[in-house]
Amino acid sequence: MFRTKRSVLVRRLWRSRAPGGEEEEEEEAAAAEARAHACGEGRGCCPGKAGRGCGASAGAESELKALTHTVLKRLKERQLEGLLHAVESRGGARTPCLQLPAKADSRLGQHSYPLPVLLCKVFRWPDLRHCSEVKRLCCCESYGKAHAELVCCNPYHLSRLCELENRLYTYRWVFVFSSAPADCPDSVPSSTETGGANCLAPAGPSDSQVLQEPGDRSHWCVVAYWEEKTRVGRLYSVQEPSLDIFYDLPQGNGFCLGQLNSDNKSQLVQKVRSKIGYGIQLTKEVDGVWVYNRSSYPIFIKSATLDNPDSRTLLVHKVFPGFSIKAFDYEKAYTLQRPNDHEFTQQPWTGFTVQISFVKGWGQCYTRQFISSCPCWLEVIFNNR
């Protein structure tokens, strides 16, 4: 019996659904318990490690399959091909929007899901419950549009929202502002968290222009890539609203870390570098700067605007794959006050820097106390003019 091309595409899509099930739920629960005992090391700002542990029964699985097939069979062949490309590439390829009627909900058991939530539930996060748990990416045609007749249902045009949590463990934020010490005359001034004074990578002419040009509004931030205590490459100036920072991304356009020349022979650095993969997406939006984790491993973020402005401590936030977090808030940064502490007032302080580490975390609950001990990390310096 011959199958139509549309039927083949539907079958391939169903086979590409996000993993779930009772057995995986038990495994994930055990892993979560182990992380909880490790001084909170595994606790992040993401509600559950996305994409696993739905715990669906055989009956629920059959119902989900029937509902998914019903929805997919309504799509045109071109739409099915675009959706399959997005799912199989795990969001690595640029794929078109999947525009479907906004008011078309689908009922699964006792719950009714909008189509974007249903497809995200099937292909990315089986534990997804509500549209308030996801955020639309700026690359999507439905971004910023409210009450439209058609809405994009491409699951890789959305990200999962991080929820900040109050953690019991904190550590002090020490600012070391290098001002070109005598033995490093060409160093670049930067706020870097280290155990002591640190010579930073020499700056080229473009670095000096980026950091010191008065009244320059051509860029909204610059990005520095570090491997442990060594900066690799020059500062990357960002003019476009959105920037992809990656090691290996199909059709990638942005800051490719894989093209930088690194002399670091450390096996750990090389291992972490290879895990950066699709990396992150940095986006300047109306309410601030968002970071979307496109990679297959967690990232770790520290920003002054993610925590209580009156706090003398800052937290490192763990962001799982597929999740987004508002890493920087301009309005909050302008109103931040330096803590009334002698240790802090002795050093220049800036709330306009965000640090992001790939794969490895740092701080009190990790073996690495400072971000300069992390194998691969980024420093994002925002233009406050």
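## Two helices side by side

The crossing of helices α1 and α4 is left-handed. Keep in mind that you're looking at a predicted model. Helix α1 covers residues 5–15 and helix α4 covers residues 77–88. Their axes come within 10 Å and cross at roughly 25°. An angle under 35 degrees counts as roughly parallel, and α1 and α4 are therefore roughly parallel to each other.

So who's touching whom? On the α1 side, look for Lys5, Arg6, Leu9, Val10, Arg12 and Leu13. They meet Glu77, Leu80, Glu81, Leu83, Leu84, Val87 and Glu88 of α4. Sort the residues in this α1–α4 contact by class and you get seven nonpolar, six charged and no polar ones.

## α1 has another neighbor

Helix α1 also pairs up with helix α3, which spans residues 58–72. Here, too, the axes come within 10 Å, but the crossing angle is roughly 140°. That makes α1 oblique to α3. As for handedness, α1 passes α3 in a right-handed crossing.

From α1, the residues making this contact are Arg6, Val10, Leu13 and Trp14. From α3, they are Glu61, Leu64, Lys65, Thr68, His69 and Leu72. By class, the α1–α3 contact has five nonpolar, two polar and three charged residues.

If you compare the lists, you'll spot some familiar names: Arg6, Val10 and Leu13 of α1 turn up in the contact with α4 and also in the contact with α3.

## A cysteine tucked away

Now hop along to helix α5, residues 115–123, where you'll find Cys120. Is Cys120 buried or exposed? Its relative accessibility is just 1%, so Cys120 counts as buried; the cut-off for buried is under 20%.

Which residues does Cys120 touch? Leaving out anything up to four places away in sequence, Cys120 touches Trp125, Leu128, Pro155 and Leu158. There's another cysteine to look up as well: Cys153 sits 33 residues from Cys120 along the chain, and the C-alpha atoms of the two are separated by 8.1 Å.

## Zooming out

Let's step back to the whole chain. It has 385 residues, and buried ones make up 50% of them. You can count nine helices and 21 strands along the way.

Take the contacts with a separation of 6 or more: residues 24 or more positions apart account for 67% of them. On the outside, the chain exposes about 19,300 Å², with carbon and sulfur atoms supplying 48% of that area.

Note on methods
Residues numbered from 1 in each chain as written. Predicted model: local features only at pLDDT ≥ 70, side-chain atom pairs only at ≥ 80, totals over all residues. Heavy atoms only, no water. Axes fitted to C-alpha atoms, helices over the stretch in contact; angles between N-to-C directions. Helix = DSSP H or I, 4+ residues; strand = E, 2+ residues; numbered from the N terminus. Parallel < 35°, antiparallel > 145°, perpendicular 65-115°, else oblique. Left-handed = near helix turned anticlockwise from the far one by under 90°. Contact = heavy atoms within 4.5 Å. Nonpolar A, V, L, I, M, F, W, Y, C, P; charged D, E, K, R; others polar. Buried < 20%, exposed > 50% of the residue type's maximum accessible area, 1.4 Å probe, protein only. Areas by Shrake-Rupley, 256 points an atom, 1.4 Å probe, with all protein chains shown as cover.
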